[in-house]
Amino acid sequence: MDVGATAQRSPTGALLDLAWVLAALGAYLCCAAFFIGADAWDPLRRWGLAILLANSVAIGLVGGRWWLLLAAFGLIALVPLLTTQEPVFYAVALPVFVLVSAALIALGVAVRGAERRRSAETERRAVHVGFGILAFAVAVTGWGIYLDHRFVDRSPSRPLLVDERTGGYRGIAPGAPAARARRIFGEPVIDSSDYAPRPLDTEPSQVSGPRSRPGDWQPWRYEKLVVFASGGRIRGYLTTDRSAQTQTRVGVGDSLVLAERRQPGLVCDGVTLGSDAVIPSYPACQGPLSSGHWIFFGGDPIDSIWVQERR
């Protein structure tokens, strides 16, 4: 369909062409607003930038009109309606995206104009490519929304209990002698670095949690477990074992909303890596235990459970 040639069409055809352009504009705005409004931990964050950039070129190809540049600026009003971000996000990140999107929309419009000058057939191909990109963006966005809101409640056949009354887990607890961890789990791999503690079988990117530790806490690394030791005592631990669950049946692999519903006293929010970060890097819930210790659920779905002495 030659969407751009409205001047040569009947009023009905022109209205139909405009309807297609407006439909494409709606798809562009919805997809872009979702991705820039979603937090950085969104399950499709690796796709996000590519979708945003391709989306901007696509709307220019489909519409071929310079007034579509206003679409990018429309996001300034649309995004706050769909999400809540830190003020610095609206002051720094959103304006940058709007300007880049406007430039890419202009590129799409220019390409569409060049194709129109060549022939109606090549212009139709540009329109089809634009619609194809937008259709892909809508599909990916829908999939992302599903992943971001699905509810997961796992029930391991043999759960490993995180005891909220004592803070204990598999025979250890904050405040217990550090030698107990050696007796139960064997000799650890002692991590001398000061960044991203993680179990032996886990990459740093697979553990959503604090990237540093207080004082002289020393991570003792085991399979699916890290024990924090200092002064001859256990100060805390983290586990990524998918069988780990609290007494309220919240564990690794569950949706974070489950922790918020079942675990009393939790505060759930996004966690930024550093004070200068604009967008949270992962979601988390944290709060006190009846034992007087502190519990932290990182990631969504939860990828790690941390229990530590109160700091």
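Below are worked exercises on a predicted model.

Residues are numbered from 1 along each chain as its sequence is written, and side-chain values use heavy atoms, with hydrogens and water left out. In this predicted model, local features need pLDDT of at least 70 and side-chain atom pairs count only at pLDDT 80 or more, while totals for chains, interfaces and linings use all residues.

**Exercise 1. The chain overall**

Task: State the secondary structure and the buried share of the protein chain.

Solution:
- Step 1. Take helices (H or I, at least four residues) and strands (E, at least two) as DSSP runs, numbered from the N terminus. The protein chain has 7 helices and 10 strands.
- Step 2. Apply the burial classes: buried is under 20% relative accessible area, exposed is over 50%, and partly exposed is in between (1.4 Å probe, protein chains only). Of 311 residues, 47% count as buried.
- Step 3. Take the exposed area, by the Shrake-Rupley method with a 1.4 Å probe; for residues, only the protein chains shown count as cover. The protein chain exposes about 15,100 Å², and carbon and sulfur atoms supply 59% of it.
- Step 4. Use contacts (heavy atoms within 4.5 Å). Among contacts in the protein chain with a separation of 6 or more, 63% join residues 24 or more positions apart.

**Exercise 2. The nonpolar cores**

Task: Find which residues touch the most other members of the largest nonpolar core, and which elements supply this core.

Solution:
- Step 1. Build each core from buried Ala, Val, Leu, Ile, Met, Phe, Trp, Tyr and Cys residues joined through side-chain atoms within 4.5 Å.
- Step 2. The largest core holds 32 residues; Tyr28, Phe35, Ile36, Ile59, Leu75, Val79 and Ile105 touch the most other members.
- Step 3. Two or more residues each come from H1, helix H2 (45-63), H3, helix H4 (87-118) and helix H5 (120-149). H1 gives the most, with 10 residues.
- Step 4. Apart from this core lies another, of 26 residues, including Ala181, Leu225, Ile234 and Leu266.
- Step 5. Zoom in on Leu75. Not counting residues up to four places away in sequence, Leu75 touches Tyr28, Leu29, Ala32, Ala33, Ile36, Pro80, Leu94 and Phe97.

**Exercise 3. A nonpolar surface patch**

Task: Name the residues of the nonpolar surface patch and the helices that supply at least two of them.

Solution:
- Step 1. Select residues with over 30% relative accessible area and no salt bridge; like charges are joined within 9 Å, nonpolar side chains (Val, Leu, Ile, Met, Phe, Trp, Tyr) within 5 Å.
- Step 2. Leu15, Leu18, Leu22, Trp67, Leu70, Phe73, Ile76 and Leu99 make a patch of about 810 Å².
- Step 3. Helix H1 (11-37) and helix H3 (69-82) each supply at least two of its residues.
- Step 4. Check one member. Leu22 lies in helix H1 and is partly exposed, because its relative accessibility is 42%.

**Exercise 4. Cysteines**

Task: Determine which cysteines form a disulfide, and its handedness.

Solution:
- Step 1. Search for cysteine sulfur pairs within 2.5 Å, the cut-off for a disulfide. The whole structure yields 1 disulfide.
- Step 2. Cys268 and Cys285 form it, with sulfur atoms 1.9 Å apart. Cys268 is in strand S7 (residues 267-271) and Cys285 in strand S8 (residues 282-288), 17 residues apart.
- Step 3. The torsion about the S-S bond is about 110°, so the disulfide is right-handed.
- Step 4. Compare cover. Cys268 is partly exposed at 25% relative accessibility; Cys285 is buried at 1%.
- Step 5. Test Cys30. Its closest cysteine sulfur, in Cys31, is 6.8 Å away, too far for a bond. Cys30 is exposed at 53%, while Cys31 is buried at 3%.

**Exercise 5. Salt bridges**

Task: Locate the salt bridges of Glu123 and Glu121, and classify the cover of the residues.

Solution:
- Step 1. Require a side-chain nitrogen of Lys or Arg within 4 Å of a carboxyl oxygen of Asp or Glu. The whole structure holds 9 salt bridges.
- Step 2. Glu123 pairs with Arg112, the closest N and O atoms being 2.8 Å apart. Glu123 lies in helix H5 and Arg112 in helix H4, so the pair ties together parts 11 residues apart in sequence. Both residues are buried.
- Step 3. Extend the pair: Arg112, Arg116 and Glu123 are linked in a network of salt bridges.
- Step 4. Glu121 meets Arg125 at 3.9 Å, N to O. They are 4 residues apart in helix H5, which means about one helical turn. Glu121 is partly exposed at 38%; Arg125 is exposed at 52%.
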